[in-house]
Amino acid sequence: MRVLLVLLLAAAWAAAGEPVFGDWLVIEPVDRRTRHPFNPGALLARYIVPRDAAPPREGEAVRGTRGEKKWTRAKPNEKGFVAGRMAMAYATVRSDEDSVLLARVPGGSVFYLNGDAFVGDVYSGGHAGVPVQLRRGVNHLYVRGVRGRFRFAFDDPALAGESRLLFADRDLTAPHAVKGRRDRLLLSVPIMNLSDRWSGPLRAGGRAYPAGLVPLGVRRVQGRARGKKRTDGDVFDIEVACGAARTAVKVKVKEASDVRRVTFRSRIDGTVQQYSVLAPRKRAGAGMVLTLHGAGVDAFNQVRSYHRKDDLWIVAPTNRRPFGFDWQDWGRTDAYEVLEHAVAWTGADRSRLYLTGHSMGGHGTWHLGANDPDGFAAIAPSAGWCSFASYVGGGAQPSKRAALWHAADLSSDTLALVTNLVQLPTFILHGAADDNVPASEGRRMEKALRDAGAAPEVHFEPDKKHWWNGPRSKGVDCVDFPGIFDLFRRTKRNRDPDQLDFATADPSIDAHHHWVSILQPNEYGQVARVQARRRVGRVEIETRNVRRFGVGLEGDARRFVIDGQVVHAASDAEFFLTRLGWTVGERSVTEKHPGRSGPFKRAFGRGFVFVIGKDDTESLARARHDAQAWWYRANGDVPIVTDATYLADADAFENRNVILFGNADTNGAFARLLPDACPLRVRRGSITLGNRTWKGTDLGCVFVYPMRGDDAGLVGVFGHTGATGARAGYGLLPFVSGVGYPDYAIFGADFLQKSDGGVRAAGWFDWNWALPKKRPEEE
């Protein structure tokens, strides 16, 4: 019956007239784009930022930092793909009626339909597409960020029904059931609003979604099943309902000894996420290996590359998606959430936690090890690259602010934290003929470690490329290498060392190291370091770029010698630096601390919600695009509400960070959530920072600040002074790893021509969220 209904509706759609594409025009890249917070974008500036921009014509020239390029005509191949080296493509789409359809764009990062932005499928993962609205007549379509080739297709959402809600079943996140158990099963599936109206509050899987869905929006909602013993068959259905929408998703049943998927709820955004696990033969006293997959690799297949161990759990997080965040940013957080969840239910020995990974996962191994040196007993990167700068040459465009952008993502700089890696037993594995991640990356890290005093174990497999196998292991040799597991089995974590050496690039990533915590640096964006030695009767501590730190020891009061100064204090005290030297004292709740600090990306956690002005159509379009980008990149979910809805029922969104769009004149939540002390003010037509004001409707900003009335909450702001400033924000890269924004940045739309030359001011708030007296980043 369902198939017949689909066929009948599809036939009706065809009779009404499918959308008709005009000829495609394409243009090669005119600008150099890197992992940079303010990339030039001449094409974006010319055709996207102005809503009334004239469309391109064949032969029309555009000049950027790469020189001048011209639009040329392109013909799709027999499968509908437009291929070639292109930065942007354009076509008209003619429709006989106003309609809401699903748009799928494999190979394209983002597309703009009649000026509104929507997420594409740049990795060609095959998702169901996103809802869009076609107008009767001619519609203007741009595709941007093409990965070699793209195809654009519309699908009629035949089964949405009168509710206009449709599940996207193919993007299912689900566990495997274990045969013979009655485990509660959590899963999630996207749901789409195929309407130009807000959906209203929703409920799914026993969980409330008070924000509902914006027009043409996408969210992930929960499904669950509990209490039934799984013995019959190897597949069963779970029905998921949300409003009038219904779907049945299939869940496979596995033996407890099989490689299987496990789900949990993430603290980042409240969504159900998954990881894969392989149990050991003997669980008592078993350790755990966290293995990080390479780009595009499913975590399930990562675990299948290992043979079952007698005494080690094998656990593979997802990085939130197969490409995800290069195990940085939210990918790193995902790895730690998985580790915490897996250790809790397996009872794995915490002194036997190990970290490994291949390719992008090898980089993740370096990254997590360098930023959290006491989290694992030993690490083993395979085919891992050191940093974006060494591997792809990415990073800041040459400019006077290059150092600031580097500082805003300092945790990416593995070599800046090499002293942390010295204390970690390490096995470096690499194919000597690797044609993807050159063996020079492994040798670079070997040299850095040896120069710093470490003695890593190293193996470069002769004549082998990126992914290789051989006779050494029952698994795949390039990840299941015997030498790695020999190191793991003879190594346990020292959980209470007398001597410490800890550096942090960002206390909000990792502040704690055994019994010392770095709580505030003197200068944000620079490495802070503590070296400590516990002796009989005293503790000797040397600091670098540290304003506040804590010590967590047991026993009676102690004599501390801090940078040569004697301080008597309790064994679990906090120390802060004044002009007169070190003293003891608790910090105020208003100060920066590891749980509430910049830089800007830190606001995107704690179940964050987007709040827009109820009449601000540009912010609605931008927030919807960013929520879709978060869904696509992070397998995530973001509720979007208007300021009126939020202010009327703020309790429904308590204990969440808030991301504001717009300005204080268009969004009433600005005044409610930003404290009076906030030194950055955004109004219609102006932005003020301290005693400086910039005017115009083409300005934008990003910043993070403490939330009024919430000692744990952060407010992130995508601010703009007008439509041009709002639309220039499509050139930002907030969800791209290797790109950092400091606590604040103010820019004009001219950054799309001038890159950093269009940035008016950027930098850090101090330890008390105030503007430092000297701000060289504004000169």
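Me: Which strands form the open sheet, and in what order?
Reply: Keep in mind that this is a predicted model. Three strands make up that open sheet, in the order β16-β22-β21, and their pairing is mixed.

Me: OK, and which ones are the edge strands?
Reply: Those are β16 (177–178) and β21 (235–242), since each pairs on one side only.

Me: What actually holds strands of a sheet together when they pair?
Reply: Strands pair through backbone hydrogen bonds, in either a parallel or an antiparallel way.

Me: So do β16 and β22 pair in the parallel or the antiparallel sense?
Reply: Parallel, over two bridges, with β22 covering residues 245–254. If you want a spot to click on, Val178 sits opposite Lys254 in β22.

Me: Switching to helices. How far apart are the end C-alpha atoms of α9?
Reply: They're 18 Å apart. Helix α9 has 13 residues (439–451), and at 1.5 Å a residue it should span 18 Å, so the two values agree.

Me: Which residues of α9 are buried?
Reply: Ala439, Glu441, Gly442, Met445, Glu446, Ala448 and Leu449.

Me: And what do those buried residues pack against?
Reply: Three helices and two strands are on the list: α5 (360–371), α6 (388–391), α8 (418–422), β29 (427–431) and β30 (457–461).

Me: What happens just after α9?
Reply: Gly453 comes there, and its phi is positive, about 105°.

Me: New topic: holes. How many cavities of 30 Å³ or more are there?
Reply: Five. The largest cavity has a volume of about 180 Å³.

Me: Which residues lie nearest the centre of that largest cavity?
Reply: Ala407, Ala408, Asp506, Pro599 and Arg602, out of 24 lining residues. Helices α4 and α7 (402–408) each supply at least two residues of that lining.

Me: How does the lining of the largest cavity divide by residue type?
Reply: Into 11 nonpolar, seven polar and six charged residues.

Me: What about the second largest pocket, what's its volume?
Reply: About 1,200 Å³. It has 37 lining residues, and Arg267, Thr333, Tyr336, Ser508 and Ile509 are the ones nearest its centre.

Me: Which helix gives the largest share of that pocket's lining?
Reply: Helix α4 (residues 329–346), with nine residues. You've met α4 already, as it also contributes to the lining of the largest cavity.

Me: Last one: how many residues of the pocket lining are charged?
Reply: In the second largest pocket, 15 are charged, alongside 13 nonpolar and nine polar.

Technical notes: Residues numbered from 1 in each chain as written. Predicted model: local features only at pLDDT ≥ 70, side-chain atom pairs only at ≥ 80, totals over all residues. Heavy atoms only, no water. 1 Å grid on protein atoms, 1.4 Å probe; cavity = no way out; pocket = protein on both sides within 12 Å on 5 of 7 lines; lining within 4 Å. Points joined across faces, edges and corners; volume = space filled by probe spheres on them. Helix = DSSP H or I, 4+ residues; strand = E, 2+ residues; numbered from the N terminus. Nonpolar A, V, L, I, M, F, W, Y, C, P; charged D, E, K, R; others polar. Expected span 1.5 Å × (residues − 1). Buried < 20%, exposed > 50% of the residue type's maximum accessible area, 1.4 Å probe, protein only. Contact = heavy atoms within 4.5 Å. Pairing = 2+ DSSP bridges.
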